[in-house]
Amino acid sequence: MLKRLPDFHDVVSVYAVIASMLFAWSLLLFLWYLPSLLYFMTPGDVIAVFSYAMASSFFESLASLLFLLILCFSLPPNYLRNEFVARGTSITLCVIGLIMIYFRINNINIADILFSWLGAGLALVAITVSLLLTKVHQFRRILISLSDRLTIFLYILIPLSLFSLLVIIIRNII
């Protein structure tokens, strides 16, 4: 059964793309609201808000990776497992990128996107684009190179996530 899953290095490469996108989005939103938060919050409260944002990004990235792994497990190996880095990266870029663009344009809740007609359209577009673009050798090389280069950010993002979870646990216990 484990043979249906991709290699661990491939999973880490795709997770790096997912985590980089989601953490960057959360950090951007946090920095956007930071000046207004400083007017009515103490520094400890600002650190708590930052910790909640980073912890939620951590769990969102794990959920996105779990979705890709379930998809990889359920599909035949030729569709996703054999080309997991290239196709997983392209699916991630399409789905998360389109959600970010749609959220930025319309400024609505993410649940409204996922449970509307757009959710099915995003999935269809992402799968189609990933299957078509990974056939192009140059684009496939670019996707693999991007995912390998983003792996270095995991050395920052994973300890940041663990620190954020620690702050949340300490804050809720005390």
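Is D45 buried, partly exposed or exposed? At 27% relative accessibility, D45 counts as partly exposed, where buried stands for under 20% relative accessible area, exposed for over 50% and partly exposed for what lies in between (1.4 Å probe, protein chains only). The structure is a predicted model, so local features need pLDDT of at least 70 and side-chain atom pairs count only at pLDDT 80 or more, while totals for chains, interfaces and linings use all residues. Residues are numbered from 1 along each chain as its sequence is written, and side-chain values use heavy atoms, with hydrogens and water left out.

On confidence, the protein averages a pLDDT of 86, and 89% of the residues score at least 70; pLDDT is the predictor's confidence in each residue, from 0 to 100. Helix α7 (residues 154–173) has the highest mean among the elements, 94, and helix α4 (residues 110–114) the lowest, 58. Where pLDDT is low, the predicted coordinates should not be read in detail.

As for the fold, the protein has 7 helices and 0 strands, with helices (H or I, at least four residues) and strands (E, at least two) taken as DSSP runs and numbered from the N terminus. Contacts, meaning heavy atoms within 4.5 Å, often join distant parts of the chain: of those with a separation of 6 or more, 77% are between residues 24 or more positions apart. Of the 174 residues, 36% count as buried.

Now for the inside. The largest nonpolar core holds 27 residues, and I18 and F84 have the most contacts inside it. Such a core is a set of buried Ala, Val, Leu, Ile, Met, Phe, Trp, Tyr and Cys residues joined through side-chain atoms within 4.5 Å. Two or more residues come from each of α1 (8–40), α2 (43–74), α3 (84–106) and α7, and α1 gives the most, with 11. Leaving aside neighbours within four places in sequence, F84 touches P6, D10, V11, V14, L68, L69, C72 and T89.

Helix α7 shows two sides. S164 lies in this helix and counts as buried, at 0% relative accessibility; beyond its neighbours within four places in sequence, S164 is in contact with S51, M54 and A55. I170, also placed in α7, is partly exposed at 42%. I170 belongs to a nonpolar surface patch with L166, I169, I173 and I174, together offering about 570 Å² of accessible area. Patches are made of residues with over 30% relative accessible area and no salt bridge, with like charges joined within 9 Å and nonpolar side chains (Val, Leu, Ile, Met, Phe, Trp, Tyr) within 5 Å. Areas come from the Shrake-Rupley method with a 1.4 Å probe; for residues, only the protein chains shown count as cover.

Then there are the charged pairs. The count comes to 2 salt bridges, each being a side-chain nitrogen of Lys or Arg within 4 Å of a carboxyl oxygen of Asp or Glu. D45 pairs with R171, the closest N and O atoms being 3.4 Å apart. D45 lies in helix α2 and R171 in helix α7, so this bridge ties together parts that are 126 residues apart in sequence. R171 is partly exposed, at 40%. In the other bridge, E83 and R140 meet at 2.6 Å, N to O. Here E83 sits in the loop between α2 and α3 and R140 in helix α6 (residues 137–150), so the pair ties together parts 57 residues apart in sequence.
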